[in-house]
Amino acid sequence: MTDSDWTGRIAGERMAVDQQFTDRVEASSFSNQQWGLVMTAIEFEIDGPDDPESARIVADTSKLGSIMPELEKVGNQAPMGAPGDSGRGGGKSGSGGGLLSGVKSMLGMDGGDGADAQTDEAEQLAQAYADELQSELEDKGRWESVCEQAASKHHD
């Protein structure tokens, strides 16, 4: 059900939503680099494109699990070129970072809830992004044509 044709035609709206969504990302536990990685694992689909009135953009987050180990690595890295950076910590990983935290995680002694909580947060943010994207398309008067394109692709 992936409708890649319609997603390629909404680059301008995606850029606008990216800019509007910056505050949400900054308020989350994700760094910008982590959020970028999350977005590589998200696919957007239109649920019910035959009826633009009830159609909705949904975030397919089924591939998030595959990037979670990398997401943690990115979160434990220090920002490049940070002033006074001694290579300890960095990012907004929320786990406290550090060598001990990484060792505990590898040994399964970190409680295991961190990844689940981060996955839940990523899923919620991704759907919020999808909702804002749909609003942007509606505001620009493009929602119906995007639905038509998704519906025609869906029926192929």
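User: Why is K140 called exposed?

Analyst: In this predicted model, K140 has a relative accessibility of 54%. Exposed means over 50%, so K140 at 54% earns the word.

User: And why does E136 count as buried?

Analyst: E136 comes to 9% relative accessibility. Buried means under 20%, so E136 at 9% belongs in that class.

User: What makes K140 and E136 a salt bridge?

Analyst: The distance decides. The closest N and O atoms of K140 and E136 are 3.4 Å apart, and the rule asks for a Lys or Arg side-chain nitrogen within 4 Å of an Asp or Glu carboxyl oxygen. The pair therefore qualifies, with K140 exposed and E136 buried.

User: How many salt bridges does this rule give?

Analyst: The count comes to six. Another of them joins K73 to E70, where the closest N and O atoms are 3.9 Å apart. With a limit of 4 Å, that pair is therefore counted.

User: Where do K73 and E70 lie, and how is E70 classed?

Analyst: Both residues sit in helix α5, three residues apart, which is about one turn of the helix. E70 has a relative accessible area of 36%. Values between 20% and 50% are called partly exposed, so that is the label for E70.

User: What makes the contact of E43 with K63 a salt bridge, and which parts does the pair tie together?

Analyst: Their closest N and O atoms are 2.7 Å apart, which is within the 4 Å limit, so the contact counts. E43 belongs to strand β1 and K63 to the loop between β2 and α5, so the salt bridge links parts of the chain 20 residues apart in sequence.

User: Are E43 and K63 buried or exposed?

Analyst: Neither word fits. E43 has a relative accessible area of 23%, while K63 has 42%. Partly exposed covers the range between 20% and 50%, so both E43 and K63 are given that label.

User: What makes E53 exposed, and where is it found?

Analyst: E53 reaches 73% relative accessibility, and the cut-off for exposed is over 50%, so the label follows. E53 is in the loop between β1 (43-47) and β2 (56-60).

User: Which residues make up the negative patch on the surface?

Analyst: The patch gathers D50, D51, E53, E138, D139, E144 and E148. Asp and Glu are the residues counted as negative, so each of these carries the right sign. Patch members need over 30% relative accessible area and no salt bridge; E53, at 73%, therefore clears the area cut-off. Two helices, α7 (113-139) and α8 (143-155), each supply at least two residues of the patch.

User: What is in the largest nonpolar core, and which elements build it?

Analyst: This core has 34 residues, and W35, V38, F44, I46 and I57 touch the most other members. The elements that give two or more residues to the core are α4 (32-40), β1, β2, α5 (64-76), α7 and α8. Helix α7 gives the most, with eight residues.

User: Which pattern does the chain follow, and how much of it is buried?

Analyst: There are eight helices and two strands, in the order α-α-α-α-β-β-α-α-α-α. Of the 156 residues, 34% are buried.

User: Why is S28 called buried?

Analyst: S28 has a relative accessible area of 10%, and buried means under 20%, so the name applies. S28 lies in the loop between α3 (22-27) and α4. Its C-alpha atom is 9.1 Å from that of A122, 94 residues away along the chain.

User: What makes P69 exposed?

Analyst: The relative accessible area of P69 is 52%. That is over 50%, so P69 counts as exposed. P69 is part of helix α5, and its C-alpha atom lies 8.6 Å from that of A115, with their positions 46 residues apart in sequence.

User: How are the serines S152 and S135 classed?

Analyst: S152, in helix α8, has 40% relative accessibility. S135, in helix α7, has a relative accessible area of 34%. Both values fall between 20% and 50%, so S152 and S135 are partly exposed.

Key. Residues numbered from 1 in each chain as written. Predicted model: local features only at pLDDT ≥ 70, side-chain atom pairs only at ≥ 80, totals over all residues. Heavy atoms only, no water. Patch = residues over 30% accessible without salt bridge, like charges linked within 9 Å, V, L, I, M, F, W, Y side chains within 5 Å. Areas by Shrake-Rupley, 256 points an atom, 1.4 Å probe, with all protein chains shown as cover. Charge placed at Lys NZ, Arg CZ, Asp CG, Glu CD. Helix = DSSP H or I, 4+ residues; strand = E, 2+ residues; numbered from the N terminus. Buried < 20%, exposed > 50% of the residue type's maximum accessible area, 1.4 Å probe, protein only. Core = buried A, V, L, I, M, F, W, Y, C linked by side-chain atoms within 4.5 Å.
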